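Me: I am new to this structure and should be grateful for a close look at a single part of it, namely the second largest pocket. Please then place that part in the context of the rest of the fold.

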Amino acid sequence: MRIGIDIDNVISNYNEELLNEYIEHDKKLRNSGIVNKKAYYIRNGMFDWTETEEEEFYKNNIERIVKNLKVKDGAKEYIDKLKEEGHYICIITGRDNGEYEEPYNMTKEWLDNNFIKYDKLILTDSYNKKEKAIKCLENNIDIMIDDSIGNCKCCIENNIKTFLMDTPYNRFTEISRVNNWKEFYEIIKNKL
């Protein structure tokens, strides 16, 4: 089987690290903490920062944050199992969006440093929700796992079996989801 796998919030702990960084920066900025626990997303009204303050902090720190992400529990273990069982692993990540100086090299280095096995690495623009589905079709991907509702919907519209990795901000959809890597692996092992 040809499996497409997103990185941020699927292989990496992106949201956890981003939230930690925002909390630390808030202590220096205002020290008011999370003011809206029901905010849709960390970058959208969770803190009482101005739009300019938020954008500036994100822009100036996102590459450093991403380079230091950790691997989510079970991700490496189950990707290793999938590779050992003969599945083709295509990492398809939305990091080619102008936020990083050398996104391909940065991403490849992170994967290599964390010993993540894969056959192909593809970068897309995370702000173009159709691009991952196009790359899945071009690479004959049978199944895709992502945390973005938009990416998953586009894949589903193109008849690509898709699973949503559970996160707090994607729970309001009927897309098939998994809570962790073990669940995803069991689905693949049991032939969907």
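Reply: The second largest pocket encloses about 510 Å³ of space. It should be said at once that the model is predicted. The lining of this pocket comprises 23 residues, and those nearest its centre are N15, E16, T167, P168 and Y169. Sorted by class, the lining of the second largest pocket holds 11 nonpolar residues, 5 polar ones and 7 charged ones.

The largest pocket offers a point of reference, with a volume of about 690 Å³. It is lined by 27 residues, and Y14, Y41, S126, Y127 and K129 are the closest to its centre. In the lining of the largest pocket, 8 residues are nonpolar, 10 are polar and 9 are charged. Two helices, α1 (14-29) and α6 (149-157), each contribute at least two residues to this lining.

Helix α1 also leads to the packing of helices. In general, a pair of packed helices is described by the angle and the distance between their axes. The axes of α1 and helix α2, which covers residues 51-67, come within 11 Å and cross at roughly 130°. This angle makes α1 oblique to α2. The crossing in which α1 passes α2 is right-handed. A second pair is formed by helix α3 (residues 75-84) and helix α7 (residues 181-189), whose axes lie 9 Å apart at an angle of about 15°. Angles under 35 degrees count as roughly parallel, and α3 and α7 are therefore roughly parallel to each other. Their crossing is left-handed.

The strands complete the picture. Strands of a sheet pair through backbone hydrogen bonds, in either a parallel or an antiparallel manner. Here 6 strands make up an open sheet with parallel pairing, arranged in the order β3-β2-β1-β4-β5-β6. Its edge strands are β3 (120-123) and β6 (177-178), each of which pairs on one side only.

Within that order, β1 stands between β2 and β4. On one side, strand β1 (residues 2-5) pairs in the parallel sense with strand β2 (residues 88-93) over 4 bridges. In this pairing, R2 is placed opposite Y88 of β2. On the other side, 3 bridges connect β1 to strand β4 (residues 143-146), and these two strands also run parallel. Two positions illustrate the register with β4: G4 has M144 as its bridge partner, and I5 stands opposite I145.

To return to the part you asked about, the second largest pocket has N15, E16, T167, P168 and Y169 nearest its centre, within a fold that also contains the open parallel sheet and the helix pairs α1 with α2 and α3 with α7.

Methods. Residues are numbered from 1 along each chain as its sequence is written. This is a predicted model: local features need pLDDT of at least 70, side-chain atom pairs count only at pLDDT 80 or more; totals for chains, interfaces and linings use all residues. Side-chain values use heavy atoms; hydrogens and water are left out. On a 1 Å grid over the protein atoms alone, a cavity is a set of points where a 1.4 Å probe fits but cannot get out, and a pocket is an open set with protein on both sides within 12 Å along at least five of seven lines; lining residues have an atom within 4 Å of a point. Grid points are joined across faces, edges and corners, and a volume is the space filled by probe spheres set on the points. Ala, Val, Leu, Ile, Met, Phe, Trp, Tyr, Cys and Pro count as nonpolar, Asp, Glu, Lys and Arg as charged, and the others, Gly among them, as polar. Two strands pair if DSSP finds at least two bridges between them. Axes are lines fitted to C-alpha atoms, for helices over the stretch in contact, and angles run from 0 to 180 degrees between N-to-C directions. Angles under 35 degrees count as roughly parallel, over 145 as roughly antiparallel, 65 to 115 as roughly perpendicular and the rest as oblique. A crossing is left-handed if the near helix is turned anticlockwise from the far one by less than a right angle, and right-handed if clockwise.
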